[in-house]
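User: I would like to learn how to read a model of this kind, feature by feature. Could we begin with what a contact is?

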There are 2 protein chains.
Amino acid sequence: MNYCSACGAPVTKKIPAGDNLPRFVCDTCQAIHYHNPKIVVGCIPEWDGHILLCRRAIEPKSGLWTFPAGFMEIGESTEQAAVRETLEESQAQVERICLFAVLSLPHIGQAYLVFRGPMGSPDFGAGEESLEVQLFSLSAIPWDEIAFPVVKDALCRYVDDVTRSEFQVHVATLPDRLT
Amino acid sequence: MNYCSACGAPVTKKIPAGDNLPRFVCDTCQAIHYHNPKIVVGCIPEWDGHILLCRRAIEPKSGLWTFPAGFMEIGESTEQAAVRETLEESQAQVERICLFAVLSLPHIGQAYLVFRGPMGSPDFGAGEESLEVQLFSLSAIPWDEIAFPVVKDALCRYVDDVTRSEFQVHVATLPDRLT
């Protein structure tokens, strides 16, 4: 950030009065510009003991696999965001989704909210951001071709829970080197 | 947003190529400026069958009660944010906190992540943003003086869960008129 988005004048990074962290403050209109973590919402679509994964058509990590996920938008709930991302990336409709994991990535300012839920039908296809979309049995997940460590972490937790037949809501923080 | 925070030129709200929502796009450098929902992280501190609430010293809703809560910062996890906000607003140290509710407020672009957890000691006091801090038995919660409907909603769910001796992770969306 170089300029104030309100008035267009230059900004300076400094700690505002009453605050304890540096923020971008406008030299002219004094507006304080906060940068906050972003929410990434994802979903593991389930069908008949399989899960649906997408091969990314876009950078970063084009060509590698992930479950549908993306940035939450203003105006939607976390569940709506998960359903929308699933539809956009895999053309699949998920139903009765449950929160499955809240995974923080502090060093890049993101929090992943990962849901899971059954597909309403076995219909799916590659959305604009996917090269291909495929159902995988849990024993055939392409572990060496997963796009991001946070996706691999969530999938590991998912497979563990399915194996134990006991789902929980995982809350965890991923270390820097893993994300 | 009126000006590009990267180059200082005016921005125009329009749908970028490949997108489906309007964004602020710089007329000069073409930078796309996304506005995303903010994460508010809160915690219900517990001590001996009581919960700790803070009477707000700042607007909005100065003078009304809330559990400690505030915007998550870049560089921290959701749990760290909940512990920090609790310490800042109530001078209490919470331990072994558990995620309790994920409450979306779509119309104002916020998602609340509410934790609960025991205080390490009965020490507490008013932080800079609080007029006073007080332990309440669940039958004495000041329901008519709660700062925000989302706080009241979370407290209702908390009291229900305690009454049933069964905690879950609540995922819900608050309607416009309630927030």
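Analyst: Two residues are in contact if their C-beta atoms, placed from the backbone, lie within 7 Å. Please keep in mind throughout that this is a predicted model. With that cut-off, and leaving aside neighbours within four places in sequence, L113(A) is in contact with I39(A), V41(A), T78(A), L99(A) and V102(A), and also with V102(B) from the other chain.

User: Which residues touch the most other members of the largest nonpolar core?

Analyst: The general idea is that in soluble globular proteins nonpolar side chains tend to be buried together. Here the largest nonpolar core has 84 residues, and those that touch the most other members are L103(A), L113(A) and V114(A), together with L103(B), L113(B) and V114(B). Apart from that core lies another, of eight residues, which includes Y3(A), C4(A), V11(A) and V11(B).

User: How should I read the strand that holds V114(B), and which residues are its bridge partners?

Analyst: One can ask how covered a strand is, and then which strands pair with it. Strand 9 of chain B, residues 110-118, is mostly covered, with seven of its nine residues buried. Strand 4 of chain B, residues 38-47, pairs with strand 9 of chain B in the parallel sense over nine bridges, and within that strand V114(B) is the bridge partner of G42(B). Strand 8 of chain B, residues 98-105, pairs with strand 9 of chain B in the antiparallel sense over seven bridges, and here V114(B) is the bridge partner of A101(B). In the hairpin of strands 8 and 9 of chain B, four residues lie between the strands, and G109(B) takes a positive phi near 60°.

User: How many residues does each chain give to the contact between chains A and B, and which elements of chain B take part?

Analyst: A contact between chains can be read by counting residues on each side, then by asking which elements supply them and what their character is. Chain A and chain B each give 33 residues. On the side of chain B that touches chain A, the elements giving two or more residues are strand 4, helix 1 (78-90), strand 8, strand 9 and strand 11 (170-173) of chain B. Strand 8 of chain B gives the most, with three residues. By character, the residues of this side of chain B divide into 18 nonpolar, eleven polar and four charged.

User: Strand 11 of chain B holds A172(B); is A172(B) buried, partly exposed or exposed?

Analyst: The reading rests on a count of neighbours, with 20 or more C-beta atoms within 10 Å needed for a residue to be buried and 12 or fewer for it to be exposed. A172(B) has 16 C-beta neighbours inside 10 Å, and therefore counts as partly exposed.

User: Where are the edges of the open sheet of strands 1-2-3 in chain B?

Analyst: To find the edges, one looks for strands that have a single partner. In chain B three strands form an open sheet in the order 1-2-3, with antiparallel pairing. Strand 1 (11-14) and strand 3 (32-33) of chain B stand at the edges, each with a single partner strand, so one side of each is left without a neighbour in the sheet. Four bridges join strand 1 of chain B to strand 2 of chain B, residues 23-26, and V11(B) stands opposite C26(B).

User: Which strands are at the edges of the open sheet in chain A?

Analyst: Chain A has an open sheet of three strands in the order 1-2-3, also paired antiparallel, and its edge strands are strand 1 (11-14) and strand 3 (32-33) of chain A. V11(A) stands opposite C26(A) in strand 2 of chain A.

Terms used: Residues are numbered from 1 along each chain as its sequence is written. Chains are lettered from A and ligands numbered from 1 in the order in which they are written. This is a predicted model: local features need pLDDT of at least 70, side-chain atom pairs count only at pLDDT 80 or more; totals for chains, interfaces and linings use all residues. Two strands pair if DSSP finds at least two bridges between them. A nonpolar core is a set of buried Ala, Val, Leu, Ile, Met, Phe, Trp, Tyr and Cys residues joined through C-beta atoms within 7 Å. Ala, Val, Leu, Ile, Met, Phe, Trp, Tyr, Cys and Pro count as nonpolar, Asp, Glu, Lys and Arg as charged, and the others, Gly among them, as polar.
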